[in-house]
Amino acid sequence: MAEARFLSPLDARFLPEWDDWRQLIVLLAPLRYYSALADREIVVPAGFVCDRESRPTSGPVTGPEVNEAGVLHDYLYRSHELPRALADSVYQEALLAMGLHPVWADQRYRMVDCYGGRAYETGPSRCRIIRLT
């Protein structure tokens, strides 16, 4: 089985739009990731709009932002390309693939596992892909 890894860099720009306290971004090129857990490549399309890694800025979730993993997780929640439990596990896998400390990756996994249900349920209604010119 191949090792989990991002196959392309995150290429995005900020939009003049906000989702609560997070400024939105749009992908300028596809973000490609190989998941060993899902045993397949996942492609987040260019034009996908999201808020990157939306996590508390203080409290029990620590460590640096890992925007690649956040974008991937946002896409999986909004596209329903994978079942929720697998999407959450792929998020943790992507955090580790980016070199995040395992303790921090586990904390973030537990947060989405415990509190991500509503976000997953409403994901398709929030999925937004804009046409780039």
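Biologist: Which residue stands opposite Y33 in strand 5?

Modeller: Y33 faces I42 there. Strands here are DSSP runs of E with at least two residues, and helices are runs of H or I with at least four, numbered from the N terminus. This is a predicted model, where local features need pLDDT of at least 70, side-chain atom pairs count only at pLDDT 80 or more, and totals for chains, interfaces and linings use all residues. Residues are numbered from 1 along each chain as its sequence is written, and side-chain values use heavy atoms, leaving out hydrogens and water.

Biologist: What makes strand 4 and strand 5 a pair?

Modeller: Two strands pair if DSSP finds at least two bridges between them. Strand 4 (residues 31-35) and strand 5 are joined by 5 bridges, so by that rule they pair, and they run antiparallel.

Biologist: Why is one side of strand 1 left without a neighbour in the sheet?

Modeller: The order is 1-4-5 in an open sheet. Strand 1 (5-6) stands at an edge with a single partner strand, so one side is left free of a neighbour, and likewise for strand 5 (40-44).

Biologist: What does helix 1 touch?

Modeller: Helix 1 (residues 67-79) packs on that sheet, touching strand 1, strand 4 and strand 5. Contact means heavy atoms within 4.5 Å. Its direction makes about 90° with that of strand 5; axes are lines fitted to C-alpha atoms, for helices over the stretch in contact, with angles from 0 to 180 degrees between N-to-C directions.

Biologist: How many bridges link strand 3 and strand 6?

Modeller: Strand 3 (residues 22-27) and strand 6 share 2 bridges, in the antiparallel sense, so they meet the rule of at least two. V26 stands opposite V49 in strand 6.
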